Amino acid sequence: SKQSVYEPLTENTAISLALRLGLFPEGTPLTCREIGDGNLNLVFHVVDQTKNKGVIIKQALPYAKVVGESWPLTLKRATIESNALRTFSSYVPEYVPKVYYSDESLAITVMEDLSHLQIARKGLIEGKTYPLLSQHIGQFLAKTLFYTSDFGLNQQQKKQLAQSFVNPELCKITEDLVFTDPFFDHDTNNFEEELRDDVETLWNNSSLKLETAKLKRKFLTEGDALLHGDLHTGSIFASDEETKIIDPEFAFYGPLGFDLGQFLANLLLNALSRNEEEREPLFAHVEKTWEVFQQTFSELWENQNVETYAKVPGFLQEVLDRTFTDAIGFAGCEIIRRTIGLAHVADLDGIKDKEERLNAKRHALRLGKTLILKRESINKIQEIRQLFTQTT
Ligand code: ADP
Ligand code: MG
Ligand code: MG
Ligand code: MG
């Protein structure tokens with residue numbers, strides 16, 4: 001195949017590319033809009049006006065779009081994203097967009113158009129509940145984590161796969177923005193001045209820092225399975241029937257509990273933005289995510305495990321307990337960083353009334369801190385809703 005030279009696409013060259021790739025018959029009247037609302041990349045929506053069929057062309061820029069050229073960022077993330085989508089698709093095709101084409105030098109992924117669905121964060125903010133969301137995410141996580149781990153792959157295959165997902169630059173963003181900066185007076189932090197006392201109290205909490213250091217170390221060193229790496233509700237398209245996970249450019253081999261923790265945190269961040277009487281569906285999703293994950297992972301463990309130690313009594317329970325505890329700690333870090341760190345969530349920032357918004361953010365800080373500090377003594381997922389209420 002011919003070697004392409006990197007160049008950022010425009011709406012016009014994206015159309016030419018779609019035609020050149022044979023994604024539409026020659027002469028099809030196409031329109032294109034750049035619809036990327038994310039922080040890092042370009043996303044082109046190419047649509048056939050006559051049949052209203054579309055494709056998505058996502059392209060990485062050699063820098064982070066949100067900041068500009070002063071924040072260079074590897075183009076390799078596009079290849080990581082394409083490969084992660086293809087790997088996930090081999091286990092759970094129902095939960096990811098189809099990848100039609102990818103080009104490493106152009107840093108593009110051409111994929112299925114999911115415009116008939118809605119980004120879950122937006123829908124949740126509008127009050128939608130997505131009844132199947134937690135069942136689907138629980139299954140997605142159980143299957144992708146199990147099948148890419150040493151329990152689902154032989155040792156050589158796993159090491160090979162892990163090698164192709166070494167992703168140091170994107171991991172560094174998480175190490176800094178999730179695990180480090182929010183816990184210190186770093187200039188990436190971003191919070192309303194009224195929260196300064198609360199934030200300084202957090203910065204001065206040395207037991208919180210010790211626990212967060214342990215969680216960061218896990219993220220740095222444990223290579224259990226292929227993670228999505230950025231599984232917040234903005235990386236999920238949903239409807240009442242379907243769930244599709246997008247945007248795995250942060251994918252890498254990491255600890256089993258990390259994606260679970262980020263997803264649970266984003267459910268809780270949405271719950272924090274709601275009135276008390278509208279929170280139930282979020283708590284139900286938190287519980288169901290874990291229950292479905294645990295059930296599905298356990299079945300795979302019993303039936304498909306390639307590890308000699310799989311049948312040793314207590315080993316599955318040990319893996320599940322460790323994953324649960326870590327997920328709760330990671331969730332606490334995510335809640336705190338989405339409240340006072342660089343990248344916020346619209347769930348909290350979108351609360352119009354200032355006092356209500358500040359109260360929700362203070363509640364978020366107390367909940368995040370409690371999850372991190374108490375994680376080892378939380379035994380049941382149902383305890384999360386109690387801690388949510390106790391930290392009100
Ligand atoms: P980033 O890495 O910059 O965050 P995302 O992959 O999250 O990029 O995509 C940004 C936005 O582009 C999404 O929120 C969504 O609105 C749109 N988008 C991305 N992928 C698709 C798709 N397959 N179908 C339809 N819209 C998409
Ligand atoms: Mg995104
Ligand atoms: Mg987005
Ligand atoms: Mg992204």
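## A tour from the whole fold to a magnesium site

Start with the whole protein in cartoon view: it has 14 helices and 12 strands, taken as DSSP runs (H or I of at least four residues for helices, E of at least two for strands) and numbered from the N terminus. Its radius of gyration is 21 Å, close to the 21 Å of the globule rule for 392 residues, so it is as compact as a globular protein of that length; the radius is taken over C-alpha atoms, and the rule is 2.2 Å times the number of residues to the power 0.38.

Before you zoom in, note that this is a predicted model, where local features need pLDDT of at least 70, side-chain atom pairs count only at pLDDT 80 or more, and totals for chains, interfaces and linings use all residues. Residues are numbered from 1 along each chain as its sequence is written, chains are lettered from A and ligands numbered from 1 in the order written, and side-chain values use heavy atoms, without hydrogens and water.

Next, colour by burial: 57% of the 392 residues are buried (under 20% relative accessible area, 1.4 Å probe, protein chains only).

Now select the magnesium ion (ligand 4). Which protein donors does it have? They are Asp247 (OD), Asp247 (OD) and Glu249 (OE), lying 1.9 to 2.3 Å from the ion; donors are N, O and S atoms within 2.8 Å of the metal (3.2 Å for Na, K and Ca), and water is not among the atoms, so sites may look incomplete.

Stay on Asp247 and add ligand 2: Asp247 bridges this magnesium ion and ligand 4, which lie 3.5 Å apart. Asp247 is buried, with a relative accessible area of 16%, and Glu249 is buried at 2%.

Key
Buried < 20%, exposed > 50% of the residue type's maximum accessible area, 1.4 Å probe, protein only.
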